[in-house]
Amino acid sequence: MSNVPQEVLQQLVQVLSNLVSNDNAVRSAAEEQLNNQWMVKSPDALLSGFAYLSRNSEEADLRSFAAVLTRRVAFKGIPNPNQDPEADEITLWEVTQEETRNAMKTHFLAGLSEEQNKSVRNKVCDTIAEMARASTASEQAWPEILPALFQCTKSPSPEHRESAFRIFTSVPNLISGQHADILKSVFAESLRDENLHVRLAAAKAAVSFMLDTNNATRNSMASLMPQLLEVLNALVAAGDEDSLIEGLVVMIELAEHSPRLFRHVIVDVLPFMIEIVKKKDLEDRTRQSALELLLTLAECAPGMVRKVPDYTTTIVPVALEMMTELEEDEDWYTTDDLDEGDNDENYVIGEHAMDRLARALGGKAMLPVSFVYIPQMLANENWKARHAALFAVSAIGEGCVRIMEAELGKIINMILPFLRDPHPRVRYAACNAIGQMSTDFAGPMQKNHHAVVLTNLIPVMDDAPFPRVRAHAAAALVNFCEAVEKGTLEPYLDAIFERLLSLLNTGTTYVQEQAITTIATVADSAEDRFVKYYSSIMPLLINVLRQATNKEYRLLRGKAMECASLIALAVGKEVFAPHAQEFIQLLVQTQASVTEADDPQVSYLLAAWARVCKVLGRDFVPYLDIVMPPLLTSAQLKPDFAVLDPEDDIESKYSAEDGWEFVGVDGQQIGIKTTVLEEKCTAVEMLICYARELGPGFRPYIEKVRDIVVPLLKFYFHDGVRHAAAATLPQLISCAKQAELGQDYVINFWHGICAKILEVMATEQDPAFLLQLYVSFYESLDFMNGPSLTPALLEEFTRATEAQLKEFYARLKHREEARASAEFEAEDEETIQEEEMSEEAVLGEMSRTIHSVLKTHGVAYLPMFKSLEPVIATFLNDTNSAARQWAICVLDDLIEFTGPNSWPVMIPYLPKMLESVLDSAPDVRQAACYGMGLCGQFGGPDYAEVCSAALTPLFQVINAPQSREIENVFVTENALSAVTKICKFNSSKFDVNTVLPSWVQALPLLNDEEEAPTTYTYLLDLIDAQHPSVLGLNNVNMPHLVTVMVEALVAGVIPEPIAGRMVQTLKAALGSMDSNMTSTIWNSISPEKRKTLQDLNYL
C-alpha cells in the first residue's frame, strides 16, 4: 500500500480535513469533490489512499475518519455504470480492481493487530466486517481473515481479543463453516476471559452466531447458556450498567428468536432478572431490560414459562409495584398537550408488562395472582396504589377475557366507585378501566351492564376542575359506544349530548377534540336516532371548520371533519343536504391550505371525502377532480430507508417517535420510517371506496389508479398497503365494465391486471396476502361475468395455483411431522392450529377461485385442469380432512360447470367420492353429498350408475343417529337434496317409486337456503301431479306433507315465488281434508308457529 502516490495521499488528507470543516462552503465543496470526482473517476486511488491513511497516519482522528469513510464510500450504492435505469445499484467495492480489494484486506487486517487506539480499532473492525460481508455476498475469497481473527482471540491484548469478537458479532456467517465443537470451545474459553469486556464481546458474538446458524447447531450451543448468564452476573457485580444493558439486549434477541435455549436455565433467569428489576437504585433502562427478558420469554415460549414454578407469582407483584412508580406532576393537570411523552416511564412499562403477560400466559395463570394484589391496592390510602390497580385491571382484560367475563358484573361494580375517588388521577384511571373493558368485553358489557356503566360514567364528564378527567370519561364513552346497539343507547342520548356540548364549549383544545371524537362515535352508533340532535351539533362543527384556522387547531379541525362526515353517514343524504355544500367547500379550502407534509389534517381529509362520497353516491362525481390529485399523491408516498452505521446515534437520528423502525438483516440494522405508510395505506383504501361508490363516474381515473396500485402488490414494507392495492383491482374492473368502454378495452384492461396478480400469486409466501390475491382474482372474474381469460392466462393461473397447492401440502406434512416428533411440546399446538386456520382459509379461497374459473370458462378450462389432477388426487386420499374436503369441492365444481364432459376426468375419483359420503369428517361428508347431487343434476347418462349407487349411503347419512344435530344438519340436508336431484334428473338406473316414500318421510329441510328451493319445487311438482308414491295410499301421507310445508314456511328457507306456490298447495291440501283432520293438524302446530304463519299472511 506504500505505493500510493504521495500527491494522492496529500489530496485525500486535504479532502478529509475539509469534510470536517466548520465552514459550510468548504465542507460542501469537499463532499462534491468526493462524490463526483474521486468516486466516479478514481475509485481505486480513493479506496487505496483511505486504507493507507487509516493505518499509517500519525493522527488518530485521521486514521479513524479514513476507516469510517472507507466503509461508507466503498459500500454505498452508486448508479450502475452501464446506464441501464432498470439495473440494480452497485457499490464502489464491486467496481474497484481485485488487486485494490486484496491490498485493502491485507492492510486492514494488519491495522487490526497494530492499532493501539481503541476507538480507531473499533472503526477498523467495522470496516473489516463490511468487507467480509461484501466478499461473502459476491463469493470473493478471503482466506486470510479467519486465521487472523482466531489468532486475535488468543492475543495477549484484551482489546485485540475483544476486536475479533466484535467482527464475529457483525458477520456471524464468517464462522458458519466451522465445526460446532470448535466454535463452542472458542466461545466457552472466551466467556471465562479475565477481562469483562472480552467476555461481553464473546457473549454478543456467541448469540449472533446462534441467531444466524441452523437449528441443530444452535441447539448444540445450549450448553453455553449458563456461561452467558454468568457474564451478566459479573456485569451486575461490576456495576457496569451500560455493558449490562448491552448484554441484556442480546439475550432478549436470543429469547425472541430461540426461547427454548433458555429451557434449562430459566429457573435461574427468573430470580436473577427479578433481583435486577427490584433494585430501584439502578437506572430505569437497566431494570426495564431485565423485565423485558422475562416478558419476551413468556411471549415466545408461553408453554415453557407456565411450567416454571412461581413465574407469575414472582413477576406480577414486581410489575404491579413498578406501576406505582409515578410522581404527582402538576403538568399532568395543566398541560394542553396530551402527546404521551411518558412511554418509557416505569409505571407505563409495568402496565405493559401486565398486558403482555396476560395475553401470553392467559387468564388461568394471571387472574388468580393479579387479584391477590389488586383488591389490596384498591383499598390502599396511597392514590398511586389505587391508580396502579385500576390500570392493572385495564391491562389484563384482553388476555384474561374468557375467565373475567364470568365475573364481569363483580369487576365492574368493584371499579365504578373509583369514578368518584377523591384523587382525580384515580378517577382518570377508573375511566380508563371502563373504556378498556368496554373494548375487551365488547357485547356482554354493553348488553348486560349498560345501565350501571352509563349512569356512573356520564356524570364524570361534569368533573369541571379537571378537564383531563372529563375528556377521558368522554374517551371511555367512545369505547363503550363502538359496540352498543342503537336501541340500548337511545335512553341515554339526551344526557350524553348535554355533556358533550358542554365539553365542546370549553376553552381547552384537547377536551374539544375528544368531545368531537365522542360525538362522532355516538352518532355512528345511534344512526337514525341521531337525527334529533343533528341541528344542534352540525352547525357547531361547521363553525369549528370556519373559525379555528390557526395552526394549533389543525388536529381539532381534523376531528371536526371526521365527526361531521360520520354524522352525515349516520343521518343520510336527505338530512345532510342543507349543510352538504358548505361542508364540501370547507373541505376544499382546508385541502388548499395544507402545505406541510406532517399536517395532521391530511389523513382526516382523505377519510372525510370518502365518507361524503358514500353519502352522496353518484352525486359526488363533480368533486372527484378536487379530491383525487392529493389522494393520488398520498398513495404514491415513498418511505425513507436507512442502513444504520455503527457511528450513528440511533436515538437522536432515528428515533421511534419519528416513526423509525429497525430490523436486523445479515448483521446490519435496516431502518424504515413508517410515518408515511399509514397515510399511504389510508389513501389506497380510499381509492377502493371511490371506485366502488362511483362506478362509471370513476372512469377518468381508472388507468392512473391501476398504474399506482399494481406495483404496490409488491410493496413489502406495509401489509395494509398491499392488501388495499389488491382489493382495489376488482373495483377498477367493475368501473371499466360499467363505463361501457367496449369489450376490447375492458378485456385488455383486465388482462394487464390479471398478469400482474398471477405473477405475484405464483411465489407469494404470506398466507393472508395470498388469500387476498385469490379474492381479488375471483371478484374480477365475477365482474367480467363470462369467459375473459386467454388460454395462456388460464395456464398461468393453473401453474401458480398448482405451485401454491404443493407448497401448502409440504407445510401440511411438515406440521404432521412436527406433531409426531419427540421434541413436540403442548405449547407448539396453539401455533400450529393458528397456521392451519390461516392456511385452510387460503385453501377455501383457492377453491372459490377455481369455482369462478370453471363457472366462467366451463369446458375451455378442461385442458389446463389436467395439471391440477395429480394434486387433487393427493389431497383426496390424504388423512387431513381439510385437504380431502378441498379436493371434493373442486371436483364438485368440475361436474357442475362442465357437465357430461367431466366424465372422463372423474372416472378415477368417483369411487373415493362415493366412499366420502360416509367420511368421518362432517365437512367432507357434506361436500361429497353435495357432489352426488351434482352428478345427478348435471352429469348426464354416464353418471346414472353412480347416482343409483349413491342412494344407499345418502340415506345412511339422512337416517343416522343425531343426523339433525347442529354439527350434522347441513350434511343431512345436502344428502336429502342430493336424493332430490338424483330422483328428479338421473333416475334411469333405479325405480324412483321405491325411493320417493323414504325421501318424503325424511323431509323437512329447514336450514340450507341454497338447497331448499330445488327440493321443495320437486315436492310441489309431485304433489300437483298427485304422485301416488308421495301422497301414499288414500292420501295417507297428507298430514305429514302439511306439517313439512308448515315447517318450511315458518323456517323461512323458501324464496318467492316458490313460497307463494307452497301456500296455495297447503291451503288446497287443508281444504281437501275433513274438519276433524284439519283441527288435529292445526292443533299439532305450536302456537308460535301458528302466529308466524298468520303474521306472514300465509294462513
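**Entry 1: the annotated repeat**

I began with the UniProt record, an unreviewed entry, which lists residues 411–449 as "repeat: HEAT". I then turned to the coordinates, noting that this is a predicted model. In the model, residues 411–449 are 72% helix and 0% strand. I found the end C-alpha atoms of this span 11 Å apart.

**Entry 2: helix 11**

I looked up helix 11, which covers residues 196–212. At 1.5 Å a residue, its 17 residues should span 24 Å. The end C-alpha atoms of helix 11 are 24 Å apart, so the model agrees with the expected span. I next checked burial, counting a residue as buried when its relative accessible area is under 20%. By that cut-off 13 of the 17 residues of helix 11 are buried, and the helix is therefore largely enclosed by the rest of the structure. At the start of helix 11, I noted a side-chain oxygen of N195 within 2.9 Å of the backbone nitrogen of H197.

**Entry 3: helix 16**

I repeated the procedure for helix 16, residues 284–300. This helix has 17 residues, for which 24 Å is expected at 1.5 Å a residue, and its end C-alpha atoms are 24 Å apart, in agreement. Of these 17 residues, 12 are buried, so helix 16 is largely enclosed by the rest of the structure. I recorded the buried residues, which include the run from T286, R287, Q288, S289 and A290 to L291. Also buried in helix 16 are L293, L294, L295, T296, L297 and A298.

**Entry 4: the largest cavity**

How many cavities of 30 Å³ or more does the model contain? The count came to 3. I took the largest cavity, which holds about 70 Å³ of space. I listed its lining as E764, Q765, D766, P767, L770, Q804, F808, R811, E839, V842 and M846. Helix 41 (767–784), helix 42 (791–820) and helix 43 (826–857) are the elements that each give two or more residues to this lining. By class, I found 5 nonpolar, 2 polar and 4 charged residues in the lining of the largest cavity.

**Entry 5: the second largest cavity**

I then examined the second largest cavity, with a volume of about 50 Å³. Which residues line the second largest cavity? They are T153, K154, V186, E189 and S190. Helix 10 (residues 180–190) gives the most to this lining, with 3 residues. The lining of the second largest cavity divides into 1 nonpolar, 2 polar and 2 charged residues.

Terms used. Residues numbered from 1 in each chain as written. Predicted model: local features only at pLDDT ≥ 70, side-chain atom pairs only at ≥ 80, totals over all residues. Heavy atoms only, no water. Helix = DSSP H or I, 4+ residues; strand = E, 2+ residues; numbered from the N terminus. Expected span 1.5 Å × (residues − 1). Buried < 20%, exposed > 50% of the residue type's maximum accessible area, 1.4 Å probe, protein only. Polar contact = N/O pair within 3.5 Å; in protein donor to acceptor, adjacent residues only side chain to side chain. 1 Å grid on protein atoms, 1.4 Å probe; cavity = no way out; pocket = protein on both sides within 12 Å on 5 of 7 lines; lining within 4 Å. Points joined across faces, edges and corners; volume = space filled by probe spheres on them. Nonpolar A, V, L, I, M, F, W, Y, C, P; charged D, E, K, R; others polar. UniProt positions renumbered as here; feature names shortened; annotations may be inferred.
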